[in-house]
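Here's a quick briefing to read with the model open in your viewer. We'll go from the overall build to the salt bridges, and then to a few loop residues worth a click.

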Amino acid sequence: MPKPTIVLVHGAWADGSSWNAVAAALRSQDFPVFTPPNLLRRVSIDAPYIASFVAQRTSGPVVLVGHSYGGFVITNAASGNGDVRALVYVDAFAPDEGETVFQILGGSGSAFDVPDPTTVFDLVGYPDGPDGDVEAFLKAPTVHDSFAQDLPEDDRWLIVESQRPITLSANTTPSGPPAWKSLPSWAVVGTEDRVIPVATQRHMAERAGATITEVAGSHVSMVSNPQVTIDAILAAAAAVGEG
């Protein structure tokens, strides 16, 4: 049987390069791999974009992988998409219907669950957005201390300098019906994650019935400890093949 295509969906403040180590390892094992752009507008825009990408750029079974907010997107993009056979969440949101990012993080102890968002974000207006919406960039100390604290300093500065912002409305738009209710899922849980705390990740992964692997990593554990994510994706791909 042909190997499933692996589609890696990045999260906020990142781009496809956040998957470089993972993608290279999968490619070396002859998996077709794509790392499409996640628009980071809101799920009602981002999920249909990823679903359209999968429909037009892949053939055969797909393992859909999401990091951080990318998990929110794949949860919705895979709903009703028959080519997607498995989901992999990496330090990611796996929302239930009606939940929002801010709702999930509220009271979790996240570094982002703060009374004044301007202490962790730089908020900037953008053209043609909904009234009152803004883009959120991570402040440099947020990257260094809470987002990627286990990466070398030069790599942390690259994130500060090249980050793609997410809109605030992306964090307040509710999720639709979750694909994890009908698809098998795997989850990589970073125990040193200060963005989505470990208890919150575990709760979502257990609720989804995911096969869970924990790693002593930050919110970007697929960069600092890529093998754990690679192994989870290979397990999902093997299960798809068996199906």
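A contact here means heavy atoms within 4.5 Å. With that in hand, take the contacts in the protein between residues at least 6 apart in sequence: 71% of them join residues at least 24 apart. Keep in mind that this is a predicted model.

**Overall build**

- The protein's secondary structure adds up to nine helices and nine strands. Its radius of gyration is 17 Å, close to the 18 Å that the globule rule gives for 243 residues, so the protein is as compact as a globular protein of that length.
- Measured out along the principal axes, the C-alpha atoms fill a box of roughly 50 × 35 × 30 Å.
- How much of the protein is buried? Buried residues account for 55% of the 243 residues.
- On the outside, the protein exposes about 9,900 Å², and carbon and sulfur atoms supply 52% of that area.
- As for charge, there are 13 positive and 27 negative charges, and their mean positions sit 5 Å apart.

**Salt bridges**

- How many salt bridges does the structure hold? There are five, and three of them are picked out below.
- Glutamate 135 pairs with arginine 41 in a salt bridge, with the closest N and O atoms 2.6 Å apart. This pair ties together distant parts of the chain, 94 residues apart: glutamate 135 is in strand β6 (residues 135-138), while arginine 41 is in the loop between β2 (33-34) and α2 (43-57). Both glutamate 135 and arginine 41 are buried.
- Aspartate 96 and lysine 181 meet through their side chains in another salt bridge, at 3.7 Å from N to O. Here the two partners are 85 residues apart and both come from loops: aspartate 96 from the one between β4 (84-90) and α4 (101-105), lysine 181 from the one between β7 (166-167) and β8 (185-190). Is lysine 181 buried or exposed? Lysine 181 counts as exposed because its relative accessible area is 58%, over the 50% cut-off.
- Glutamate 99 forms a salt bridge with arginine 207, and their closest N and O atoms are 2.9 Å apart. This one also links distant parts of the chain, 108 residues apart, from glutamate 99 in the loop between β4 and α4 to arginine 207 in helix α7 (residues 198-207). Glutamate 99 is at 16% relative accessibility, so it counts as buried, given that buried means under 20%. Arginine 207, with a relative accessible area of 27%, is partly exposed.

**Serine 68**

- Look for serine 68 in the loop between β3 (62-67) and α3 (69-77). With a relative accessible area of 5%, serine 68 is buried.
- What does serine 68 touch, leaving aside residues up to four places away in sequence? The list is Gly11, Val90, Asp91, Ala92, Phe93, Ile196 and His219.
- Going from C-alpha to C-alpha, serine 68 and aspartate 96 are 15 Å apart in space, with their positions 28 residues apart in sequence. Aspartate 96 is the salt-bridge partner of lysine 181.

**Positive phi**

- Some background first: most residues other than glycine have a negative phi.
- Serine 68 has a positive phi, near 55 degrees.
- Aspartate 128 has a positive phi too, near 65 degrees. Its place is the loop between β5 (121-124) and β6, and at 83% relative accessibility aspartate 128 counts as exposed.

**Proline 36**

- Proline 36 belongs to the loop between β2 and α2, which also carries arginine 41.
- Is proline 36 buried or exposed? Proline 36 is buried, at a relative accessible area of 1%.
- Its contacts, not counting residues up to four places away in sequence, are Val7, Leu8, His10, Ile50 and Phe53. For phenylalanine 53, the C-alpha atoms are 7.6 Å apart in space, and the two residues are 17 apart in sequence.

Key: Residues numbered from 1 in each chain as written. Predicted model: local features only at pLDDT ≥ 70, side-chain atom pairs only at ≥ 80, totals over all residues. Heavy atoms only, no water. Helix = DSSP H or I, 4+ residues; strand = E, 2+ residues; numbered from the N terminus. Rg over C-alpha atoms; globule rule 2.2 N^0.38 Å. Buried < 20%, exposed > 50% of the residue type's maximum accessible area, 1.4 Å probe, protein only. Areas by Shrake-Rupley, 256 points an atom, 1.4 Å probe, with all protein chains shown as cover. Lys, Arg positive; Asp, Glu negative; His and termini not counted. Charge placed at Lys NZ, Arg CZ, Asp CG, Glu CD. Salt bridge = Lys/Arg side-chain N within 4 Å of Asp/Glu carboxyl O.
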